[in-house]
Amino acid sequence: FHVEDHALFSINYSHTGAPKTWYGIPSHKARAFEEALAQDIPEGFKGDRKLLHNLTAMISPAKLRAHDVPVYRLVQRPGEFVVTFPDAYHGGFS
């Protein structure tokens with residue numbers, strides 16, 4: 001999961017190929033997400049509280065839900081756009 005630099009919107013268009021699976025966290029839960037990740041992998045946050053701004057990390061949606069962090073999933077197919085909002089953590093794979 002990551003957020004866009006400078007807390008900007010982003011837009012992703014799929015031209016062709018396999019569907020892409022996305023996971024997203026609403027921006028109003030960004031802090032709860034950061035706290036959940038720090039609890040689950042504390043060794044990664046010992047020296048750098050801004051670790052998530054320097055690295056892309058994935059964590060199980062089930063673990064996040066256990067911390068009361070909502071996780072949304074969507075599948076993007078060719079010809080579709082995905083827009084992410086400022087400070088909304090998101091990530092995906094094809």
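The overall fold, the nonpolar core and the surroundings of one proline are described below for a predicted model.

The protein chain contains four helices and five strands. Read from the N terminus, these elements follow the order β-β-α-α-α-α-β-β-β, with the helices placed between two strands on one side and three on the other. Of the 94 residues in the protein chain, 33% are classed as buried. The exposed surface of the protein chain amounts to about 6,000 Å², of which 55% is supplied by carbon and sulfur atoms. Among contacts between residues at least 6 apart in sequence, 81% link residues at least 24 apart.

The largest nonpolar core comprises 13 residues. Within this core, the residues with the most contacts are Phe1, Ile25, Phe33, Ile59, Leu64, Val69 and Tyr89. Helix H1, spanning residues 30-40, is the element that gives the most to the core, contributing four residues. With residues up to four places away in sequence left out, Ile25 is in contact with Phe1, Phe33, Leu64, Val69, Pro70, Val71, Ala88 and Tyr89.

Pro70, one of the contacts of Ile25, lies in the loop that connects helix H4 (61-66) to strand E3 (72-76). The relative accessible area of Pro70 is 23%; because buried residues must fall under 20% and exposed ones over 50%, Pro70 is assigned to the partly exposed class. Beyond four places in sequence, Pro70 touches Gly24, Ile25, Pro26 and Lys29. For Pro70 and Lys29, a separation of 41 residues in sequence corresponds to a C-alpha to C-alpha distance of 7.7 Å.

Key
Residues numbered from 1 in each chain as written. Predicted model: local features only at pLDDT ≥ 70, side-chain atom pairs only at ≥ 80, totals over all residues. Heavy atoms only, no water. Buried < 20%, exposed > 50% of the residue type's maximum accessible area, 1.4 Å probe, protein only. Contact = heavy atoms within 4.5 Å. Areas by Shrake-Rupley, 256 points an atom, 1.4 Å probe, with all protein chains shown as cover. Core = buried A, V, L, I, M, F, W, Y, C linked by side-chain atoms within 4.5 Å.
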